[in-house]
Amino acid sequence: MRRANRRSSADGEGRAFSTPPRPGLSNTVMELRGVSKHYPGTPPVRALDEVTMSVAEGELVGIVGASGSGKSTLLNIIGTLDRPTSGQVLIEQTPVAELSDAGLAGLRSSRIGFVFQQFHLLEAATAVDNVATGLVYQGVRKGLRRSLAKEALEKVGLGHRLQHKPPKMSGGERQRVAIARAIVGDPAIVLADEPTGNLDSQTSAGIIDLLRRLNQDGSTIIIITHDPGLAASLPRRVTLTDGRVSDDNVSAPVVDEPASDKSPAWIRGTS
């Protein structure tokens with residue numbers, strides 16, 4: 001069962017709108033409250049301007065916009081790779097601005113998985129070792145890292161390529177390794193930045209199908225793309241225009257399971 005809700009930002013003053021909670025979805029894993037990012041200059045560059053949005057556990061969201069719309073800046077803000085000029089960023093209800101450096105590093109390494117257009121794999125390392133690197137900063141012992149890496153590779157259909165190195169793999173296989181590395185630690189959010197940008201159309205379709213399947217298995221996934229066709233194929237599309245959310249088209253699945261109130265493990269490193 002799905003519920004649909006379409007909102008537009010035509011409020012007469014060009015202001016970004018807030019996205020209400022989606023019925024049937026569980027707890028919010030990412031929230032932006034009036035987030036702006038300005039860079040100095042004459043005049044200053046407003047890369048993001050009063051962006052307010054949230055993503056609930058279990059969503060598959062596409063963030064789409066033309067070049068210069070603010071997509072990359074938004075990715076960096078959500079991924080805690082950069083801090084906003086103003087506004088609040090919350091990951092699993094925790095304000096990022098209140099975290100210590102150690103807490104922020106812990107959040108990034110354990111609660112956010114990254115998939116990049118350029119793969120960013122270690123060329124001399126096997127697939128299983130590349131994926132296992134995603135657990136190094138979580139303090140997982142080596143034997144368990146490799147075991148979990150094998151499971152993640154099997155999940156993305158590469159159980160037969162465990163010992164292959166990136167130069168011996170196709171582009172689609174390398175992106176599957178990168179996806180396995182992103183999900184191996186069971187993060188709260190997977191951020192996929194133009195995940196099909198370097199792939200042909202057939203391989204791209206396979207990668208998107210894989211991300212859909214992972215989402216159906218419970219992963220919360222945000223795909224950053226300039227491709228309106230790809231964004232239109234996703235359950236929810238957030239459009240950025242000149243640093244503002246200009247449209248938010250939602251058709252989200254109902255999740256019957258209640259949200260857990262257990263505190264995330266990484267919060268222990270925030271003080």
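Is Phe119 buried or exposed, and what is its relative accessible area? In this predicted model, Phe119 is buried, with a relative accessible area of 9%. The residue belongs to the loop between strand E7 (112-115) and helix H3 (127-132). The backbone at Phe119 is also notable, and is taken up again below with other backbone features.

## Overall composition

The chain contains seven helices and eleven strands. It has 271 residues, of which 48% count as buried. The exposed area of the chain is about 13,000 Å², and carbon and sulfur atoms contribute 49% of that area.

Contacts across the sequence can be described by separation. Among contacts in the chain with a separation of 6 or more, 73% are between residues 24 or more positions apart.

## Packing of H5 against H6

Two packed helices are described by the angle between their axes and the distance between the axes. For helix H5 (residues 171-183) and helix H6 (residues 201-216), the angle is about 20° and the axes are 10 Å apart. Because angles under 35 degrees count as roughly parallel, H5 is roughly parallel to H6. Their crossing is right-handed.

On the H5 side, the contact is formed by Gly172, Gln175, Arg176, Ile179 and Ile183. These residues meet Thr203, Gly206, Ile207, Leu210, Leu211 and Leu214 of H6. By class, the residues of the contact of H5 with H6 comprise six nonpolar, four polar and one charged.

## Packing of H4 against H5

Helix H5 also packs against helix H4 (residues 142-155), here at an angle of about 130° and with the axes 9 Å apart. H4 and H5 are therefore oblique to each other. The crossing of this pair is right-handed.

H4 contributes Ala152, Leu153 and Lys155 to the contact, while H5 contributes Val177, Ala180 and Ile183. The contact of H4 with H5 has five nonpolar residues, no polar residues and one charged residue. Ile183 of H5 is listed in the contact with H6 and in the contact with H4.

## The end of H6 and the loop that follows

Asn215 is located in helix H6. Because its relative accessibility is 11%, Asn215 counts as buried. Setting aside residues up to four places away in sequence, Asn215 touches Gly58, Glu59, Leu60 and Ile221.

Ser219 lies in the loop between H6 and strand E9 (221-225). Ser219 is buried as well, with a relative accessible area of 16%. Apart from neighbours within four places in sequence, Ser219 is in contact with Gly58, Glu59 and Leu214. Gly58 and Glu59 are thus listed as partners of Asn215 and of Ser219.

## Helices H1 and H2

Helix H1 (residues 71-78) is mostly covered, with six of its eight residues buried. The buried residues of H1 are Lys71, Thr73, Leu74, Leu75, Ile77 and Ile78. Thr80 follows H1 and has a positive phi, near 60°.

Thr80 also appears among the partners of Leu104, a residue of helix H2 (residues 101-111). Leaving out residues up to four places away in sequence, Leu104 touches Thr80, Arg83, Val96 and Leu99. Leu104 is buried, with a relative accessible area of 9%. Leu104 and Leu81 are 23 residues apart in sequence, and their C-alpha atoms are 9.6 Å apart in space.

## Backbone features in the loops

Most residues other than glycine have a negative phi, and most peptide bonds are trans. Phe119 has a positive phi, near 75°, although it is not a glycine. Glu92, likewise not a glycine, has a positive phi of about 50°. Glu92 is placed in the loop between strand E5 (86-91) and strand E6 (94-95), and at 13% relative accessibility it counts as buried.

Which peptide bond is cis, with omega near -5°? The bond in question runs from Thr42 to Pro43. Pro43 is situated in the loop between strand E2 (28-39) and strand E3 (45-56).

Key
Residues are numbered from 1 along each chain as its sequence is written. This is a predicted model: local features need pLDDT of at least 70, side-chain atom pairs count only at pLDDT 80 or more; totals for chains, interfaces and linings use all residues. Side-chain values use heavy atoms; hydrogens and water are left out. Axes are lines fitted to C-alpha atoms, for helices over the stretch in contact, and angles run from 0 to 180 degrees between N-to-C directions. Helices (H or I, at least four residues) and strands (E, at least two) are DSSP runs, numbered from the N terminus. Angles under 35 degrees count as roughly parallel, over 145 as roughly antiparallel, 65 to 115 as roughly perpendicular and the rest as oblique. A crossing is left-handed if the near helix is turned anticlockwise from the far one by less than a right angle, and right-handed if clockwise. Contact means heavy atoms within 4.5 Å. Ala, Val, Leu, Ile, Met, Phe, Trp, Tyr, Cys and Pro count as nonpolar, Asp, Glu, Lys and Arg as charged, and the others, Gly among them, as polar. Buried means under 20% relative accessible area, exposed over 50%, partly exposed in between (1.4 Å probe, protein chains only). Accessible areas come from the Shrake-Rupley method with a 1.4 Å probe; for residues, only the protein chains shown count as cover.
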